[in-house]
Amino acid sequence: VNDAPTEAVTASTVALSTAEGFEDLYRATFPRVYAYVASLLRDRAAAEDVAAVAFERAYRKRGRFSPRRGSAEAWVFGIARNAALDELRRLKRRATLEAETADVWSPSPHEEAERSFTREEVRTALASLEPRERDLVALKFAGGLTNVEIARVLGISETNVGSRLHRAVEKLRKACHR
Amino acid sequence: MNVETTTSLIDAALASDAANALDPEERRLQELVLAIRADAPAPDPDFELRLNARVAAGFPRRRGGARKRIHALLTTRPQLAALGVAASLLIALVVVFAGGSGGGSGTGSAGSAVAGSGAASAPSTASSGAAAPAEKTPAPSTASSGASVAVPAPTPIQPGGFVGGRNRKVERSAALVLAPLRDQLSAVGDQVIAVTDRYRGVVLQSSVTSAAGNGSGGWFDLRIPTANLQPALRDLSALADVKSRTENANDVTAPWVSARTRLQELNAERRGLLRRLEHAATDQAAAAIRARIRIVNHEIDAQTSALTDLRRRTSYASVSVTLEPRNRKAATAGTGIGSGARALRDSLIASVNIGLRVLGVALPIAILIAVLWAARGWLTRRRREAALS
């Protein structure tokens, strides 16, 4: 699911003004962007729509990207987060957010048998988090962003990101120990 | 475990993809982190292929995209659409009103030019009472052509009378102060006399003094036929820069009619006395009638003289021309470096004036747009974050 960080860093430094540069960024971030959006929305179809919309928006706005305001990855995740929150709001308005059943995970039966205990624990623990904490955890673990990049995406300080992450992980640990 | 420890443990686990902390509790945390990451959803391969193709094609636009976006904006964010329409209308109104006020000021300046030209004659015409309206008519013709365009044309008035009152007797006078160049004083003086002759006028008195210092100057007391007054004034004004121009009008119809009526009465009385004298019975009666005739004759002479004086005053306008020479240095406004500098200054002032007007319109619009933009961003952020509440 996750690509190597070095690859991501390389992609973030690529000039986005060219189609090739954008493709490199897309390849480096697509699985993680999808994982993040799906974790947030808990709806496969909606996650696919949002991921597609996010990359299309990023493609159209690639001329406006400025490296001084953060990495290219943080920029793409910011766009994806905005699209996901818009979609989440729309889903909530339509009262169809029954995503607690979460159809986004579909591991193979073999994998399921191998790691079922851990996955069950993890899902239970994640469900105990507040939505904002889930957003943070998704950016960190599904999105694979650094604390600096998360700070850029959320518009908060890096220290604040560390504190919030610490609290969220502590909650997860406690939930898993029950 | 503190924040720093947690952060470093998480980063180490994610970087090495292994839980390698020695402390069991810390290793447990790293295992949890890796489990969460391993549990992250993966995209469907079909979807990935479709999106790869779209990215490779550069996200070709679908037909009717703009229409769909407008429809989406109207349905999902009607407040924003309404705000946009309101802002557009407000901007249009501001632009329209700003343009309208600009045009108004232009007319105003033209009007002020007329007022300025009339200002010189205003005090005197006011004192002339009923004749003032009649006298105001020619004034615009002496003003700039631009000013005469801005003023609606009044009812034409015949020289020497009110509207609809051709037989009225109006006494007219004018005073001109010209500022010729000091070395052209004599020439301008000659031209004043030439203009007077051209319009069948009379120079009653004149004096022109040419001196090196400040003592030079001149004045003329002219009588111009009333019918030729306006063209004569126009030609006199063209001889040099006009420092001031004043025109007066005084209606003397009442004294003229009174004098004429009195003269008719006196003539009738004289004729009656002469008839009575022919039939006088005694020398004593004849002597009394002759004495009375002498008195009437005196009165007839006085009234005739008064009528003649009135006729002369209404037939000829009294025009006073004063020459106040000026130095060439001050006069050469149209040539040289000084003139260029003045023209440059005027242009700069005009440019700044225009710039300020444009700024006066553009700045509020820009501030409004900036405020709306910031408000829109703030509202959008709040709405999005509310989805996580």
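Reader: Which residues of chain B does A:Val122 touch?
Author: Contact means heavy atoms within 4.5 Å. Residues up to four places away in sequence are not counted. In this predicted model, A:Val122 then touches B:Leu32, B:Ala35, B:Ile36 and B:Asp39.

Reader: From what pLDDT do side-chain atom pairs count?
Author: Residues are numbered from 1 along each chain as its sequence is written, while chains are lettered from A and ligands numbered from 1 in the order written. Side-chain values use heavy atoms, without hydrogens and water; totals for chains, interfaces and linings use all residues, local features need pLDDT of at least 70, and side-chain atom pairs need pLDDT 80 or more.

Reader: Is A:Val122 buried or exposed?
Author: A:Val122 sits in helix α5 of chain A. Helices (H or I, at least four residues) and strands (E, at least two) are DSSP runs, numbered from the N terminus. Buried means under 20% relative accessible area, exposed over 50%, and partly exposed in between (1.4 Å probe, protein chains only). A:Val122 has a relative accessible area of 2%, so the residue is buried.

Reader: How far apart are the C-alpha atoms of A:Val122 and A:Leu172?
Author: Along the chain, A:Val122 and A:Leu172 are 50 residues apart. In space, their C-alpha atoms are separated by 7.8 Å.

Reader: How much area do chain A and chain B bury between them?
Author: The contact involves 52 residues of chain A and 45 residues of chain B. Buried area is the accessible area (1.4 Å probe) that two parts lose on being put together, summed over both. Of this area, 61% is on carbon and sulfur atoms, and the total is about 4,400 Å².

Reader: Which residue of chain B meets A:Glu56 in a salt bridge?
Author: A salt bridge puts a side-chain nitrogen of Lys or Arg within 4 Å of a carboxyl oxygen of Asp or Glu. Chain A and chain B have eight between them. In one of them, at 3.3 Å from N to O, the partner of A:Glu56 is B:Arg54.

Reader: Which element gives the largest share of the side of chain A that touches chain B?
Author: The elements giving two or more residues to this side include α2 (19-41), α3 (44-60) and α8 (158-177) of chain A. The largest share is 10 residues, and they come from α8(A).

Reader: How many residues of α6(A) are buried?
Author: The buried residues of α6(A) include A:Leu136, A:Val137 and A:Phe141. Charged ones are also listed, among them A:Glu133 and A:Lys140. The helix is mostly covered: of its 12 residues, the buried ones number 10.

Reader: Which helix of chain A has the lowest mean pLDDT?
Author: pLDDT is the predictor's confidence in each residue, from 0 to 100. Chain A has a mean of 80, and 76% of its residues reach 70 or more. Helix α7 (residues 147-154) has the highest mean among the elements, 93; the lowest, 48, belongs to helix α1.

Reader: Over residues 95-102 of chain A, how many contacts beyond four places in sequence does the model have?
Author: pLDDT stays under 50 over this stretch. Where pLDDT is low, the predicted coordinates should not be read in detail. For residues 95-102 of chain A, the number of such contacts is nine.

Reader: What is the relative accessible area of B:Thr196?
Author: B:Thr196 lies in helix α10 (residues 185-198) of chain B. Leaving aside neighbours within four places in sequence, its contacts include B:Val202, B:Leu222 and B:Ile224. B:Thr196 is buried, with a relative accessible area of 0%.
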